[in-house]
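Welcome! Let us take a friendly walk through a protein chain, beginning with how it folds and ending at its ligand.

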Amino acid sequence: MQLREVTDDDLEMLREHRNRPDTRVWLGHSSPISSDQQRAWWATARLQQSPALLRPTAMFLIARDPDTQCDVGLVRISDITFDSACVGSDVFAEHRGKGYGYAVFAAACARAEQLGARHLWLKVFIENLPAVRIYKKAHFSIDQDAPVEVYYRPTLRPAMRYATSSDGFIHYVTMRRHSA
Ligand SMILES: CC(C)(COP(=O)(O)OP(=O)(O)OC[C@H]1O[C@@H](n2cnc3c(N)ncnc32)[C@H](O)[C@@H]1OP(=O)(O)O)[C@@H](O)C(=O)NCCC(=O)NCCS
């Protein structure tokens, strides 16, 4: 999987991806975002990954399939410290269910490790079955000591395609991977 920088031309596509109910139902902040909010986010994100910094504090990158040259997903690396980072990835809707999930996430982890992060972590809703499967395949395990946050999202329940609970409650857990 190739990773390329996000450009201004990608922003509206990313906002549409972010605002789809079947994407945002699985995000910590599930409300749709406006163009203004998107621009404010991007202004901050650019500073966080400025080449002028000794080390970026966050990175947002587009994942591209090297065979088809199609942009298939988004890589998010945040909370970057001298030895840890929060990693995340999405696959764009039209490319989901084709096996890209692990490749995009593995590329996110590899980039975070290149930045020096030996301890990788993320938060995921345990009901997001494909995501949890990908993270376990990448040797992440649930932090049993971290708090579990319970969210109630009844209006977004139809978008929970993989929900194992039928009542609108979903459970946000922390998963971690430590490298030697
Ligand atoms: C979660 C997401 C990244 C997965 O990407 P994807 O390309 O659709 O996933 P894949 O096709 O690679 O499948 C991933 C795994 O889940 C499995 N899977 C698919 N549907 C499943 C289901 N209903 N139940 C259990 N496992 C399922 C696949 O078989 C595969 O496992 P395998 O490699 O062992 O066969 C993608 O659906 C997405 O971006 N969703 C919206 C945003 C999101 O949830 N982001 C993550 C937030 S933490």
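## Contacts along the chain

Among the contacts in the chain between residues at least 6 apart in sequence, 62% join residues at least 24 apart. Keep in mind as you look around that this is a predicted model.

## The overall fold

How many helices and strands does the chain have? Its secondary structure comes to five helices and eight strands. Read from the N terminus, the elements follow the order β-α-α-α-β-β-β-α-β-α-β-β-β. The radius of gyration of the chain is 16 Å, close to the 16 Å that the globule rule gives for 180 residues, so the chain is as compact as a globular protein of that length.

Along its principal axes, the C-alpha trace spans about 45 × 40 × 35 Å. Of the 180 residues, 23% count as buried.

## The nonpolar core

In soluble globular proteins, nonpolar side chains tend to be buried together. Here the largest nonpolar core has 35 residues, and those touching the most other members are Ala63, Val75, Ile77, Val87, Val104, Ala108 and Ala112. Which elements supply at least two residues each to this core? They are β2 (59-64), β3 (71-78), β4, α4, β5 (119-125), α5 and β8 (169-178). The largest share, seven residues, comes from α4.

Val87 is a good place to zoom in. Leaving aside its neighbours within four places in sequence, Val87 is in contact with Ile77, Ala108, Cys109, Ala112, Leu120 and Leu122.

## Strands side by side

Now follow three strands in turn. β2 and β3 run antiparallel and are joined by six bridges, with Met59 of one pair standing opposite Ile77 in β3. β3 also pairs with β4 in the antiparallel sense, again over six bridges. In this second pairing, the bridge partner of Leu74 is Asp90 in β4. As a rule to remember, side chains in a regular strand alternate between the two faces of the sheet.

## Two turns to look at

Both of these pairings are hairpins: β2 and β3 have six residues between them, while β3 and β4 have five. Most residues other than glycine have a negative phi. Look in the loop between β2 and β3, though, and you will find Gln69, whose phi is positive, near 60°. Is Gln69 buried or exposed? Gln69 counts as exposed, because it has 8 C-beta neighbours inside 10 Å, and a residue with 12 or fewer falls in that class.

The loop between β3 and β4 holds Asp79. Its phi is also positive, near 50°, in a residue other than glycine. Asp79 has 12 C-beta neighbours inside 10 Å, so Asp79 counts as exposed.

## Around the ligand

Which residues come nearest to the ligand? Of the 21 residues around it, these are Trp26, Asp90, Arg96, Gly101 and Pro130. You have already met Asp90, as the bridge partner of Leu74.

The elements that each supply at least two residues of this shell are β4 (84-91), α4 (100-114) and α5 (129-137). The largest share, five residues, comes from α5. Sorted by class, the shell has ten nonpolar, seven polar and four charged residues. Notice that β4, α4 and α5 supply residues to the shell around the ligand and also to the largest nonpolar core.

Technical notes
Residues are numbered from 1 along each chain as its sequence is written. This is a predicted model: local features need pLDDT of at least 70, side-chain atom pairs count only at pLDDT 80 or more; totals for chains, interfaces and linings use all residues. A residue is near a molecule or strand if its C-beta atom, placed from the backbone, lies within 6 Å of it. Helices (H or I, at least four residues) and strands (E, at least two) are DSSP runs, numbered from the N terminus. Ala, Val, Leu, Ile, Met, Phe, Trp, Tyr, Cys and Pro count as nonpolar, Asp, Glu, Lys and Arg as charged, and the others, Gly among them, as polar. The radius of gyration is taken over C-alpha atoms; the globule rule is 2.2 Å times the number of residues to the power 0.38. A residue is buried if 20 or more other C-beta atoms lie within 10 Å of its own, exposed if 12 or fewer, and partly exposed in between; C-beta atoms are placed from the backbone. Two residues are in contact if their C-beta atoms, placed from the backbone, lie within 7 Å. A nonpolar core is a set of buried Ala, Val, Leu, Ile, Met, Phe, Trp, Tyr and Cys residues joined through C-beta atoms within 7 Å. Two strands pair if DSSP finds at least two bridges between them.
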